[in-house]
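Work through the exercises below with the coordinates open. Try each task before reading its solution.

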Amino acid sequence: QAGIEEMHAFLAEVGIDKSAYNLEDGSGLARLNLVTPAAVVRLLAYMAARPSREDWVGLLPVAGEDGTLAWRFQRSRAAGRIRAKTGTLSHVSALSGYAEKRGGGRLAFAIMVNNYGGAAGEIRAAIDRICSLMLE
């Protein structure tokens, strides 16, 4: 409970309204843990403006290179230009992080697909296409 109270205080500092999320436990896996894409983008933008931003961004897998993105975005314009965290549960797929724009600059993004009935690979491919379009 104390950890959840600390999260509430931190998210208020970030500027995220309590209506944009619900925390039931600290694992992040409870079905009642909820967050809006807008809240995730707000958090990402906040962290990108902090003095420790490069340490924060450095924690995220690089598209086509390592971690959960090692096999995604290979041989695409997004390779090496997306740093993001995946999120996957049954019928849920998400990707949130940063896209490095061609002319410079970093775009924070959160793509969440919930309660889909198709194949997970199709959903991931659609998310990857959206990421490629963000880089244009």
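**Exercise 1. Find what surrounds a serine.**
Task: which residues does Ser 93 touch, not counting residues up to four places away in sequence?

Solution. Step 1: list the contacts. Ser 93 touches Gly 87, Ile 111, Met 112, Val 113, Tyr 116, Ile 123, Arg 124 and Ile 127, with residues up to four places away in sequence left out.
Step 2: place the residue. Ser 93 belongs to strand 4.
Step 3: decide whether it is buried or exposed. The relative accessibility of Ser 93 is 4%. The cut-off for buried is under 20%, so Ser 93 counts as buried.
Step 4: note the source. This is a predicted model. The chain averages a pLDDT of 93, and 100% of the residues score at least 70. Among the elements, helix 2 has the highest mean pLDDT (97) and strand 2 (residues 34–35) the lowest (92).

**Exercise 2. Lay out the sheet.**
Task: give the strand order of the open sheet and the sense of its pairing.

Solution. Step 1: read the order. Three strands make up the open sheet, ordered 3-4-5, with antiparallel pairing.
Step 2: find the edges. Strand 3 (82–89) and strand 5 (106–114) each have a single partner strand, so one side of each lacks a neighbour in the sheet.
Step 3: take the twist. Neighbouring strands are turned by 10° against each other on average, direction ignored.
Step 4: count bridges. Eight bridges pair strand 3 with strand 4. Nine join strand 4 (residues 92–100) to strand 5.
Step 5: follow Leu 95 both ways. Thr 86 stands opposite Leu 95 of strand 4. In strand 5, Leu 95 has Ile 111 as its bridge partner.
Step 6: inspect the turn. Strand 3 and strand 4 form a hairpin with two residues between them. His 91, in that turn, has a positive phi of about 65°.

**Exercise 3. Pack the helices.**
Task: which strands do helix 2 and helix 4 meet, and at what angle to strand 5?

Solution. Step 1: helix 2 (residues 37–48) lies across strand 4 and strand 5, at about 155° to strand 5.
Step 2: helix 4 (residues 120–134) packs on the sheet and touches strand 3, strand 4 and strand 5. Its direction makes about 160° with that of strand 5.
Step 3: turn to helix 1 (residues 2–14). Its axis comes within 10 Å of that of helix 2, and the two cross at roughly 75°. Angles of 65 to 115 degrees count as roughly perpendicular, so helix 1 and helix 2 are roughly perpendicular to each other.
Step 4: name the contact. Helix 1 supplies Phe 10, Glu 13 and Val 14; helix 2 supplies Arg 42, Leu 43, Tyr 46 and Met 47. By class, that is five nonpolar, no polar and two charged residues.

**Exercise 4. Compare two loop residues.**
Task: are Phe 73 and Arg 75 buried or exposed?

Solution. Step 1: locate them. Phe 73 sits in the loop between helix 3 (53–58) and strand 3. Arg 75 is in the loop between helix 3 and strand 3.
Step 2: check phi. It is positive in Phe 73, near 70°. In Arg 75 phi is also positive, near 55°.
Step 3: compare accessibility. Phe 73 has a relative accessible area of 8% and is buried. Arg 75 is at 81% and counts as exposed.
Step 4: find a partner of Phe 73. Cys 131 of helix 4 contacts Phe 73, along with Ile 82, Leu 95, Phe 109 and Ile 111, leaving aside neighbours within four places in sequence. Cys 131 is buried, at 0% relative accessibility.

Methods
Residues numbered from 1 in each chain as written. Predicted model: local features only at pLDDT ≥ 70, side-chain atom pairs only at ≥ 80, totals over all residues. Heavy atoms only, no water. Pairing = 2+ DSSP bridges. Helix = DSSP H or I, 4+ residues; strand = E, 2+ residues; numbered from the N terminus. Axes fitted to C-alpha atoms, helices over the stretch in contact; angles between N-to-C directions. Contact = heavy atoms within 4.5 Å. Parallel < 35°, antiparallel > 145°, perpendicular 65-115°, else oblique. Nonpolar A, V, L, I, M, F, W, Y, C, P; charged D, E, K, R; others polar. pLDDT = per-residue confidence, 0-100. Buried < 20%, exposed > 50% of the residue type's maximum accessible area, 1.4 Å probe, protein only.
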